[in-house]
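Hi everyone, thanks for coming. Let's take a short look together at a structure that may be new to you, so please bring it up on your screens.

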Amino acid sequence: MSTQSFTEYLTMRIFGPFWNGNITCPDGVSGKGIINYARTDANYDVNNDWSRVLGRGIATMRLSYFAQHTLWEVNGKEDTQDLRHNSKVGNWVNMENIRYNNPASSWYGKGLTLYAPEDVMDSNGNILIAKGQLLCNDTIRSWFDFPLYKIYYHDVFAESNLASTEFRGATKGSNGNMYLFRLAETYLLRAEAKLYQNRPKEAAEDVNIVRRRANCSEYYTTVNIGDIVNERARELFLEEWRKVELTRISMCLANAGIPDEWGNVYSSDWDKQSGTTSDGGSYWYQRIIHYSYYNRGYTISSGSASAINYTMDKRNVFWPIPNEAITANNKAKLAQNYGYDGYDPSVEMWDNWEDAVADESKIK
């Protein structure tokens with residue numbers, strides 16, 4: 001006998017902003033402006049119940065500025081009509097859409113603000129809150145916009161307990177089904193294939209099919225690889241394995257010999273480079289350079305004892321193969337990826353499945 005397995009799918013906790021208790025009220029006297037009240041609490045207000053709507057997020061992962069804003073620009077305009085980026089229908093949440101819910105605050109029921117709009121004095125004329133003061137403890141984890149429709153799951157277990165404040169996603173009794181493959185991705189794959197065949201206008205039409213379904217206001221007349229990859233990010237967030245797909249596209253783009261959105265053409269050594277300079281590398285690496293927080297020299301500090309400078313290397317287009325996997329492969333030598341200890345360029349690598357099958361038949 002065996003017991004049925006169960007894995008909680010805590011998307012609202014992992015991907016949602018860490019809003020609970022981390023945002024100060026602009027009045028300077030009521031402390032935290034947004035609080036996670038249980039339905040049994042005297043201060044509970046069903047119209048400002050952000051825990052059940054958004055989940056109790058801790059932002060283990062968060063969207064970059066690019067993913068929040070620049071990604072959604074088509075023809076130079078941020079398309080907020082796009083249902084996937086639309087806050088009016090509730091699919092997309094801007095932090096300003098969330099309202100203060102501390103009854104002690106004069107800001108109760110008003111939208112959140114990141115900076116104090118005016119000076120607030122005490123009775124002695126001392127400044128409690130200065131105009132322009134940051135009202136968020138952590139702008140990395142506690143303040144960012146996000147696609148609620150992608151991370152929301154009805155938490156059946158928490159919903160059944162009126163005292164619960166732990167709405168986190170698909171927990172006990174919840175349905176956590178996810179898409180693995182959809183028609184929209186098929187259109188985007190076909191658009192990519194057409195682009196490699198130097199048919200960018202036909203590729204644009206396949207992208208536009210996806211955009212029409214999303215009720216967008218902006219459409220393409222022609223596309224480059226960046227347009228297609230951006231549409232994948234808009235449509236397939238939390239569905240595609242993004243790193244894997246960008247690595248695949250890096251290889252396809254190099255083989256096709258067509259330029260990316262910056263005019264780069266990649267050679268056969270796209271996966272055999274290292275370093276953190278802004279030039280060269282793979283298409284995956286160039287998107288890291290242009291759109292992410294990596295390799296920008298930012299230092300993120302939480303005090304004098306700690307500082308973080310995020311970096312990514314060109315060789316990281318592939319991760320290293322664990323040594324335990326290499327030593328366990330006793331029938332033939334398993335090659336380590338380029339740039340890591342143990343890499344051996346003399347080890348034969350297959351470049352097509354026919355050779356791989358033929359070589360496999362030699363193993364006794």
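First, a bit of vocabulary: Ala, Val, Leu, Ile, Met, Phe, Trp, Tyr, Cys and Pro count as nonpolar, Asp, Glu, Lys and Arg as charged, and the others, Gly among them, as polar. Now the background. This is a predicted model, where local features need pLDDT of at least 70, side-chain atom pairs count only at pLDDT 80 or more, and totals for chains, interfaces and linings use all residues. Residues are numbered from 1 along each chain as its sequence is written, and side-chain values use heavy atoms, with hydrogens and water left out.

Let's begin with cavities. On a 1 Å grid over the protein atoms alone, a cavity is a set of points where a 1.4 Å probe fits but cannot get out, while a pocket is an open set with protein on both sides within 12 Å along at least five of seven lines; lining residues have an atom within 4 Å of a point. Grid points are joined across faces, edges and corners, and a volume is the space filled by probe spheres set on the points.

How many cavities of 30 Å³ or more are there? The count is two. The second largest holds about 40 Å³, and its lining includes Phe15, Met61, Arg62 and Phe237. By class, that lining has eight nonpolar residues, one charged and no polar. The largest cavity has a volume of about 50 Å³, with Trp19, Tyr37, Asp45 and Asn101 among the residues lining it. Here the split is five nonpolar, five polar and two charged.

On to the second largest pocket, at about 490 Å³. Of its 19 lining residues, Asp271, Lys272, Phe318, Met349 and Trp350 are the closest to its centre.

Finally, two helices (DSSP runs of H or I, at least four residues, numbered from the N terminus). The axes of helix 6 (residues 183-196) and helix 7 (residues 200-213) come within 8 Å and cross at roughly 170 degrees; axes are lines fitted to C-alpha atoms over the stretch in contact, with angles from 0 to 180 degrees between N-to-C directions. That makes helix 6 roughly antiparallel to helix 7, a term for angles over 145 degrees. Their contact (heavy atoms within 4.5 Å) involves ten nonpolar, four charged and no polar residues.

One residue to click on is lysine 194, in helix 6. Is lysine 194 buried or exposed? Its relative accessible area is 13%, so lysine 194 is buried, the word for under 20% with a 1.4 Å probe and protein chains only. Not counting residues up to four places away in sequence, lysine 194 touches Arg199, Glu202, Ala203 and Asp206.

Key:
Parallel < 35°, antiparallel > 145°, perpendicular 65-115°, else oblique. Buried < 20%, exposed > 50% of the residue type's maximum accessible area, 1.4 Å probe, protein only.
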